[in-house]
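Dear colleague,

I am handing over the structure below, and I would be grateful if you could keep it open while you read the notes that follow it.

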Amino acid sequence: MVNVMTSPQVISSDDILLKLCHSVTHVLSNTTASHISHAGMIQSITRTRLKPDLGCFSIFDGGFSGLVVINFSSDAAIEIYRKYMLNMGMPEEELAFSHTSDEVGNVMGELMNQMLGDFINKVNKDLQTSISQSQPKMLTINKELTISIDANLDEAQARRVSFKTENNHIFYLEFAMDRTEFIKLDQFEYDGEFDLDLLIEEHANKKSEAKETAAKDAKPDSVTVVSSADDLLDELGI
């Protein structure tokens, strides 16, 4: 019998960037109830910059270090902001019209926080390492100004990816991180996702079924007691 050696799976910086792109499209598409897509090609750049009209950045550290910058045109920022707020049930007449509004900046910063949170969860689960992020900073930038951010990375690799909104407005993600690779040496099982709301719903269904069964089987002189609080605590392991 011949033993066939399989090469370990190697996950590069560009694979990690792809996870980030998926987080951006996933979060923005869901929160705006619209289609957000990214290009199939990435661009190698020498450094990341904040550019007009609305720039947001966050630094992360831990298992590896990096910097994420997203530069929105005014049209892209307003489209995403307004679709997000409308999807949240806000009246259209109460929404801002200018990308320089503080409300627009706050919403875009919150959306970036959600995107990075989704990305960090993917990294923690898929790469079995841990990273944390700084609070995203959002700046309104005029056309004469670009800002470079020094994140003190080790042999930094920088990339740019273009994204498109449903109305064909373009925005750009710029990403820099340590030059690194993750090598999968052995098979492992991913940790299951824990959803408390789903667990509570499942427990409520079980309780309802238990009551119906007890009502059918109960005799006149018998009493069935269901302690929902104790059952739920037991299921949560508390």
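The crossing of H1 and H3 is right-handed, in what is, it should be said at once, a predicted model. The axes of H1 (residues 13-32) and H3 (residues 102-126) come within 8 Å and cross at roughly 135 degrees; since angles over 145 degrees would count as roughly antiparallel and 65 to 115 as roughly perpendicular, the two helices are therefore oblique to each other. On the H1 side the contact is made by Ile-16, Lys-19, Leu-20, Ser-23, Val-24, His-26, Val-27, Leu-28 and Thr-31, which meet Leu-111, Gln-114, Met-115, Leu-116, Asp-118, Phe-119, Lys-122 and Asp-126 of H3. By character, the residues of this contact divide into nine nonpolar, four polar and four charged.

H1 also packs against H2 (residues 74-87), at an angle of about 55 degrees and with the axes 7 Å apart, an angle that makes H1 oblique to H2. Here Leu-28, Asn-30, Thr-31 and Thr-32 of H1 are in contact with Ile-80, Lys-83, Tyr-84 and Asn-87 of H2, and the residues involved divide into three nonpolar, four polar and one charged. Leu-28 and Thr-31 of H1 are thus named in the contact with H3 and again in the contact with H2.

The remaining helix pair is H2 and H3, whose axes are 10 Å apart and which pack at an angle of about 80 degrees, so that H2 is roughly perpendicular to H3. Ala-77, Ile-78, Ile-80, Tyr-81, Tyr-84 and Met-85 of H2 meet Glu-103, Val-104, Val-107, Met-108, Leu-111 and Gln-114 of H3, and this set divides into ten nonpolar residues, one polar and one charged. Leu-111 and Gln-114 of H3, listed in this contact with H2, also belong to the contact with H1.

As for H3 itself, the helix has 25 residues and reaches 36 Å from its first C-alpha to its last, close to the 36 Å expected at 1.5 Å a residue. At its start, a side-chain oxygen of Ser-101 reaches to within 3.2 Å of the backbone nitrogen of Glu-103, and Glu-103 is also among the H3 residues that meet H2.

Two backbone details deserve a look, given that most residues other than glycine have a negative phi and most peptide bonds are trans. Gln-128, which follows H3 and lies in the loop between H3 and strand S7 (131-133), has a positive phi of about 50 degrees although it is not a glycine. The peptide bond from Pro-52 to Asp-53, in turn, is cis, with omega near 5 degrees, and Asp-53 is placed in the loop between strand S4 (49-50) and strand S5 (54-62).

With best regards

Key: Residues are numbered from 1 along each chain as its sequence is written. This is a predicted model: local features need pLDDT of at least 70, side-chain atom pairs count only at pLDDT 80 or more; totals for chains, interfaces and linings use all residues. Side-chain values use heavy atoms; hydrogens and water are left out. Axes are lines fitted to C-alpha atoms, for helices over the stretch in contact, and angles run from 0 to 180 degrees between N-to-C directions. Helices (H or I, at least four residues) and strands (E, at least two) are DSSP runs, numbered from the N terminus. Angles under 35 degrees count as roughly parallel, over 145 as roughly antiparallel, 65 to 115 as roughly perpendicular and the rest as oblique. A crossing is left-handed if the near helix is turned anticlockwise from the far one by less than a right angle, and right-handed if clockwise. Contact means heavy atoms within 4.5 Å. Ala, Val, Leu, Ile, Met, Phe, Trp, Tyr, Cys and Pro count as nonpolar, Asp, Glu, Lys and Arg as charged, and the others, Gly among them, as polar. The expected span of a helix is 1.5 Å times one less than its number of residues. A polar contact is a pair of N or O atoms within 3.5 Å; within protein, one must be able to donate a hydrogen and the other to accept it, and residues adjacent in sequence count only if both atoms are side-chain atoms.
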